[in-house]
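Please open the model in your viewer and keep the sequence panel beside it, since the tour moves from one selection to the next.

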Amino acid sequence: MSEQTRERGPEPAAGDGRRVVVVGAGMAGVQTAVALREQGYTGALTLIGAEPHQPYDRPPLSKAVLLGTAEGSAFDVDFEALGITLRLGCEALGVRPGAHLLDTSEGPVPYDALVLATGAEPVRLPGTDGVPGVHLLRTLDDAERLRPVLARRHGIVVVGAGWIGAEFATAAREAGCAVTVVEAADRPLADALPAEVAAPMTSWYADAGAALRTHARVERVEPADRGEPLRVVLDDGTRLPADAVVVGIGARPSAAWLAGSGIALGAHGEVLADDRLRTSVPDVHAVGDCASFPSARYGERLLVHHWDNALQGPRTVAADIVGAPAGEAPAAYDPVPYFWSEQFGRFVQYAGHHTDADPVLWRGDPGGPAWTACWLREGRLVALLAVGRPRDLAQGRRLIQAGTVLDPVLLADPARPLKAATA
C-alpha cells in the first residue's frame, strides 16, 4: 500500500498543543473528528482507519452499493481543509494508557486524548471461514464481492432474519435472485421484537417472493464440489443448495483488541463508557457501536448498534475533550435511540428502548400497509415501531424525549395525531 493511500492531509499546526487520535473511520470516528473542529479544537487531529478506502457511510452498502446504483458512499468531508490527518489501512492493536500510546500495525502513535470508535464486526457462522461463496455484509469490500452475485441473479441462502438479513433479502429479490432465509428462532427479528410485533412481518417475505424458514438452525455449510453447488445443511438434515450464502446473524463490538489495556469491557465485549462517553481510564473516550453508556431515561446501560447513535455521540465526546464554556454544566449523553430499515417495500422506523415487561399498544391494523406499535411504561411512551407512518415516529420520538404522559385510548386511534394523545 502506498504512503499516499495510507495517510492524507497536512500535519496540522500545534494549535493548543494537544494531540487527539480517533480510532475508527466510520460514522462515529469521522463525526467525532468533525465535531472537534466545529467545537473549537485546534490541536493535532489524526483519524485512523483499518480499511484502505476513503472513509465511507455503511447504510448504502445494503442497498445502493449492493445493487450497483451507487459506486460508493464516501463521506462528503474535506479532511485536508479541516486539518485532519488520515491514516488508512492502519490497524489498531492495543492501548498503553500509562504511556499514552496507541499501538498500531504501523507502530506506536502518541496521544493526549484517544477516542475509540471501532464499531462492531459481524458474527461469523462457525466452520465457514474460507469457504468460497459464503459472504458477510459489513464493509465496502463485502458489498463489492456480493454485487456480481446479485447481478447474475444467483440462488442465495440468507442465514439470519434480523435487520441485515431482511435488508439483504430485499435487495436480492429486487435484483431477481431466488432467496431462502433461514432463521433459528420462531420468527424474524426475534432478538429485537416480541412475537406479537414481529408476527406481521413474517408475511412480508412470502409477499416479496422470498422463502422464510423458521426453527431452522444451520448445522454446517458444505462447499461446492464436483459440479455440485454449495449446500446449507440444517439440523433436521435438510440440504439447501445455493450459489451463495450470506450470513447475517448479528454483530459484536469490535473491542477485543483492547484486552489487557486496563480499559473496562462489558458483558457483551463492549467498552464501558460513562454518561460523558469516557472510559475507565483517563483521556480515553468510546463512542458508537463499540461502547455502551448508562441511560437515566431507561434506568439501564444501553448498547446501541445503530447509525444515529454513531451520529449523536461524537458531539458529547468533542464537548468533553474541548471543555464546556465557563458557567455551563456538561450535558450527559442520554439520547432516544433511533434507527430505520427498508424491508420489502416498507419503511420501518424504531425509536426508544423497550423491555419484555412493557405492554404493546397498536395504532392501525398490523395486517395492513401502515401501522405503529407503541410500548408504554407508567403511562409514558418509551418506544415505538412505525411501519409506513413516519409522522408517528417523528412525534413519538419527541414525546419519549419529553416523558409526556399519554392517554392509551387516544393513543390507539390511528386517525388522531400521536402528539394529540396526551392525557
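Which residue in β17 does V134 stand opposite? Select both residues and you will find that V134 stands opposite V245 in β17. This is a predicted model, in which local features need pLDDT of at least 70 and side-chain atom pairs count only at pLDDT 80 or more, while totals for chains, interfaces and linings use all residues. Residues are numbered from 1 along each chain as its sequence is written, and side-chain values use heavy atoms, with hydrogens and water left out.

Stay with β17 and select residues 244-247. A244 and V246 point one way from this strand, V245 and V247 point the other way, and all are buried (buried means under 20% relative accessible area, exposed over 50%, and partly exposed in between, with a 1.4 Å probe and protein chains only). Add β10, residues 134-135, which pairs with β17 in the parallel sense over two bridges; two strands are said to pair if DSSP finds at least two bridges between them. Then add β11, residues 155-159, which also pairs with β17 in the parallel sense, over four bridges, and in which I156 has A244 of β17 as its bridge partner.

Next, zoom out to the whole chain, coloured by secondary structure, where there are nine helices and 27 strands; helices (H or I, at least four residues) and strands (E, at least two) are DSSP runs, numbered from the N terminus. The C-alpha trace spans about 65 × 60 × 40 Å along its principal axes. The radius of gyration of the chain is 23 Å, which agrees with the value near 22 Å that a compact globule of 423 residues would have; the radius is taken over C-alpha atoms, and the globule rule is 2.2 Å times the number of residues to the power 0.38. Buried residues make up 50% of the 423 residues. Of the contacts (heavy atoms within 4.5 Å) between residues at least 6 apart in sequence, 60% join residues at least 24 apart.

Now select β5 (residues 92-96) and β6 (residues 101-104), which pair in the antiparallel sense over four bridges. Within this pair V95 stands opposite L102 of β6. The two strands form a hairpin with four residues between them, and H100 in the turn has a positive phi of about 55°.

Two further residues are worth selecting for their backbone angles. L189, in the loop between β12 (178-182) and α6 (195-207), has a phi near 55°, a positive value in a residue other than glycine. D283, in the loop between β19 (271-272) and β20 (284-286), likewise has a positive phi, near 70°, and is a residue other than glycine. As for their surroundings, L189 is buried, with a relative accessible area of 4%, whereas D283 is partly exposed, with a relative accessible area of 38%.

Finish at D358, in the loop between β24 (346-352) and β25 (360-363). Is this residue, D358, buried or exposed? D358 is buried, with a relative accessible area of 7%. Leaving aside its neighbours within four places in sequence, D358 is in contact with W375, L376, R377 and V382, so display those side chains together with D358. As a last step, draw a distance from D358 to G40, which is 318 residues away along the chain: their C-alpha atoms are separated by 43 Å.
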